[in-house]
Amino acid sequence: MKLEKCPVCEKLTLDLTKYKSMMVVSADKALFHVVCPSCGNHSASLFAIPVPLLETVRSAAVDLGAGMGRDA
């Protein structure tokens, strides 16, 4: 899953699956904290959870009894 270019160096397209931290806010959205591998800039934005991460996020929610895990 790709994000817009780094807002500082604009050299690389950032990859949401390589997040530094993620805070899930709904069943399909999360606040992602990513670091640009080129310039080291830290960015945080709200995005749809990438398909490759959905099952892992849902599984963790079930294990923790979190909101999106209650409907599983």
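Colleague: Hello! Which residue in S4 stands opposite Met22?
Modeller: Welcome! This is a predicted model, in which local features need pLDDT of at least 70 and side-chain atom pairs count only at pLDDT 80 or more, while totals for chains, interfaces and linings use all residues. Residues are numbered from 1 along each chain as its sequence is written, and side-chain values use heavy atoms, with hydrogens and water left out. In S4, the residue opposite Met22 is Phe32.

Colleague: What pattern does the protein chain follow along the sequence?
Modeller: Helices (H or I, at least four residues) and strands (E, at least two) are DSSP runs, numbered from the N terminus. The protein chain has two helices and five strands. Read along the sequence, they give the pattern β-β-β-β-β-α-α.

Colleague: What is the order of the strands in the open sheet?
Modeller: Two strands pair if DSSP finds at least two bridges between them. S3 and S4 pair in the antiparallel sense over four bridges, and seven bridges join S4 to S5, again antiparallel. The open sheet of three strands therefore has antiparallel pairing and the order S3-S4-S5.

Colleague: Which strands stand at the edges of that sheet?
Modeller: The sheet order is S3-S4-S5. Each edge strand has a single partner strand, so one side of each is left without a neighbour in the sheet. The strands in that position are S3 and S5 (42-48).

Colleague: What does the twist average from one strand to the next?
Modeller: For the angles here, axes are lines fitted to C-alpha atoms, for helices over the stretch in contact, and angles run from 0 to 180 degrees between N-to-C directions. In the open sheet of three strands, the average twist from one strand to the next is 20 degrees.

Colleague: How many residues lie between S4 and S5 in their hairpin?
Modeller: There is also a hairpin that joins S3 to S4, through four residues. In the S4 and S5 hairpin, Gly40 in the turn has a positive phi of about 85 degrees. The number of residues between S4 and S5 is six.

Colleague: Which residues of S4 point to one face and are buried?
Modeller: Buried means under 20% relative accessible area, exposed over 50% and partly exposed in between (1.4 Å probe, protein chains only). Side chains alternate along S4: Lys29, Leu31, His33 and Val35 point to one face and are not buried. Those that point to the other face and are buried are Ala30, Phe32 and Val34.

Colleague: Which bridge partner does Val35 have in S5?
Modeller: Start with His33, which stands opposite Ala44 in S5. Going to Val35, its bridge partner in S5 is His42.

Colleague: Which ring pairs with that of Tyr19?
Modeller: Rings of Phe, Tyr and Trp (its six-membered ring) pair if their centres lie within 6.5 Å; planes under 30 degrees apart count as stacked, over 60 as edge-to-face and the rest as tilted. The count comes to one aromatic pair, with ring centres 6.1 Å apart and planes at 70 degrees, so the pair is edge-to-face. Tyr19 lies in the loop between S2 and S3 and its partner in S4 (residues 29-35), so the pair ties together parts that are 13 residues apart in sequence. Tyr19 is partly exposed at 34% relative accessibility, whereas its partner is buried at 1%, and that partner is Phe32.

Colleague: How far apart in space are Lys20 and Val34, C-alpha to C-alpha?
Modeller: Lys20 lies in the loop between S2 (13-15) and S3 (21-24), and counts as exposed at 54% relative accessibility. Leaving aside neighbours within four places in sequence, Lys20 is in contact (heavy atoms within 4.5 Å) with His33, Val34, Val35 and His42. Lys20 and Val34 are 14 residues apart in sequence, and their C-alpha separation in space is 5.3 Å.

Colleague: How many disulfides does a search of the whole structure find?
Modeller: A disulfide is a pair of cysteine sulfur atoms within 2.5 Å. The sulfur of Cys39 is the nearest cysteine sulfur to that of Cys6, at 3.6 Å, and Cys6 is in no disulfide. Cys6 is buried at 1% relative accessibility, whereas Cys39 is partly exposed at 36%. Over the whole structure, the number of disulfides found is zero.

Colleague: What share of the residues in the protein chain is buried?
Modeller: The protein chain has 72 residues. Among them, Phe32 is buried, and so is Cys6. The buried share of the chain is 25%.
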